[in-house]
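Work through the exercises below with the model in view. Try each task before reading its solution.

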Amino acid sequence: MDVQSALFYAFAAVLLFAAFRVITARNPVHAALFLVLAFFQASALWLMLKAEFLAITLVLVYVGAVMVLFLFVVMMLDINIDGMRKGFWKHFPLAAVMGAVIALEMAAVLMGGFRVTAPPAAAAASQAAADYSNTKELGKVLYSQYLLPLQAAAALLLVAIIAAIALTFRERKDSKAIDASEQVRVKRGDRVQLLKIAPSAVAPEPPAAAAEETKP
């Protein structure tokens with residue numbers, strides 16, 4: 001076994017362990033940290049496959065932005081874990097069936113669509129050229145051969161963003177949001193109100209009551 005194969009098996013083993021701990025960790029913060037570890041191992045595997053752009057993008061986008069956001073949300077929401085685990089075994093059979101179906105689909109794709117073949121002469125010559133750019137070749141394939149799936153994914157993400165904004169701005173009873181137009185049109189009289197209160201005199205205490213209070 002050469003060094004490249006040893007590194008591949010090491011990164012793959014850590015990736016599988018981290019992915020398993022993501023779904024079995026009791027603490028959601030620990031699960032998010034294990035997901036970060038899984039992203040790093042996947043990035044290392046992509047580096048070994050000479051997909052440097054995808055590896056760096058995975059680290060910068062998912063680890064640097066998405067997972068940090070997940071950690072902030074998990075720590076700020078104070079999620080009740082006990083309430084989430086009540087229906088675990090109730091839905092476990094359906095979840096197991098869906099997981100098995102997804103595993104079979106991934107196995108079919110990996111077995112049939114990702115067989116290692118010898119690169120064509122043109123691709124080998126372009127890789128040997130000094131001006132070869134992995135990012136440029138990826139952009140060409142992405143915006144030519146996979147243009148329609150890319151546009152479909154962009155449309156789905158746009159719909160998800162609009163739905164998230166709509167859910168955030170819906171009217172709720174416990175919402176403390178203030179209309180910005182009302183804040184702009186506010187006047188001094190709306191913020192400060194002066195009230196005229198008639199003066200009142202305090203009646204002095206009777207001498208007998210004051211003497212009783214001073215007695216030891």
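**Exercise 1. Find which residues make up the largest nonpolar core, and which helices supply them.**

Solution. This is a predicted model. Start with the members: Ala32, Val36, Phe39, Ala42, Leu58, Val63, Met67 and Leu71, eight residues in all. Next, turn to the helices. Helix 2 and helix 3 (52-77) each supply at least two residues of this core. Last, look at one member closely. Setting aside neighbours within four places in sequence, phenylalanine 39 touches Leu58, Tyr62, Val63 and Met67.

**Exercise 2. Decide whether glutamine 41 is buried or exposed, and list what it contacts.**

Solution. First, place the residue: glutamine 41 sits in helix 2, which covers residues 28-48. Then take its relative accessibility, which is 12%. The cut-off for buried is under 20%. Glutamine 41 therefore counts as buried. Finally, list the partners. Beyond neighbours within four places in sequence, glutamine 41 is in contact with Phe11, Val14 and Leu15.

**Exercise 3. Describe the fold of the protein chain in terms of helices, strands and contacts.**

Solution. Count the elements: eleven helices and zero strands. Read along the sequence, the pattern is α-α-α-α-α-α-α-α-α-α-α. Now take the contacts with a separation of 6 or more. Residues 24 or more positions apart account for 56% of them.

**Exercise 4. Work out what the protein chain shows on its surface, and where tyrosine 146 fits in.**

Solution. Begin with the whole chain. Of its 216 residues, 9% count as buried. The exposed area is about 18,600 Å², and carbon and sulfur atoms supply 69% of it. Now go to one patch. Val141, Leu142, Tyr143, Tyr146 and Leu147 make a nonpolar surface patch of about 450 Å². Tyrosine 146 lies in the loop between helix 7 (134-142) and helix 8 (147-168). Its relative accessible area is 42%. Partly exposed runs from 20% to 50%, so tyrosine 146 is partly exposed.

**Exercise 5. Find which element has the lowest mean pLDDT and which has the highest.**

Solution. Take the chain average first. The mean pLDDT is 76, and 73% of the residues reach 70 or more. Then compare the elements. Helix 6 (residues 121-128) has the lowest mean, 54. Helix 1 (residues 3-24) has the highest, 88. One caution applies when reading the model. Where pLDDT is low, the predicted coordinates should not be read in detail.

Technical notes: Residues are numbered from 1 along each chain as its sequence is written. This is a predicted model: local features need pLDDT of at least 70, side-chain atom pairs count only at pLDDT 80 or more; totals for chains, interfaces and linings use all residues. Side-chain values use heavy atoms; hydrogens and water are left out. Helices (H or I, at least four residues) and strands (E, at least two) are DSSP runs, numbered from the N terminus. Buried means under 20% relative accessible area, exposed over 50%, partly exposed in between (1.4 Å probe, protein chains only). Contact means heavy atoms within 4.5 Å. Accessible areas come from the Shrake-Rupley method with a 1.4 Å probe; for residues, only the protein chains shown count as cover. A nonpolar core is a set of buried Ala, Val, Leu, Ile, Met, Phe, Trp, Tyr and Cys residues joined through side-chain atoms within 4.5 Å. pLDDT is the predictor's confidence in each residue, from 0 to 100. Patches are made of residues with over 30% relative accessible area and no salt bridge: like charges are joined within 9 Å, nonpolar side chains (Val, Leu, Ile, Met, Phe, Trp, Tyr) within 5 Å. A salt bridge is a side-chain nitrogen of Lys or Arg within 4 Å of a carboxyl oxygen of Asp or Glu.
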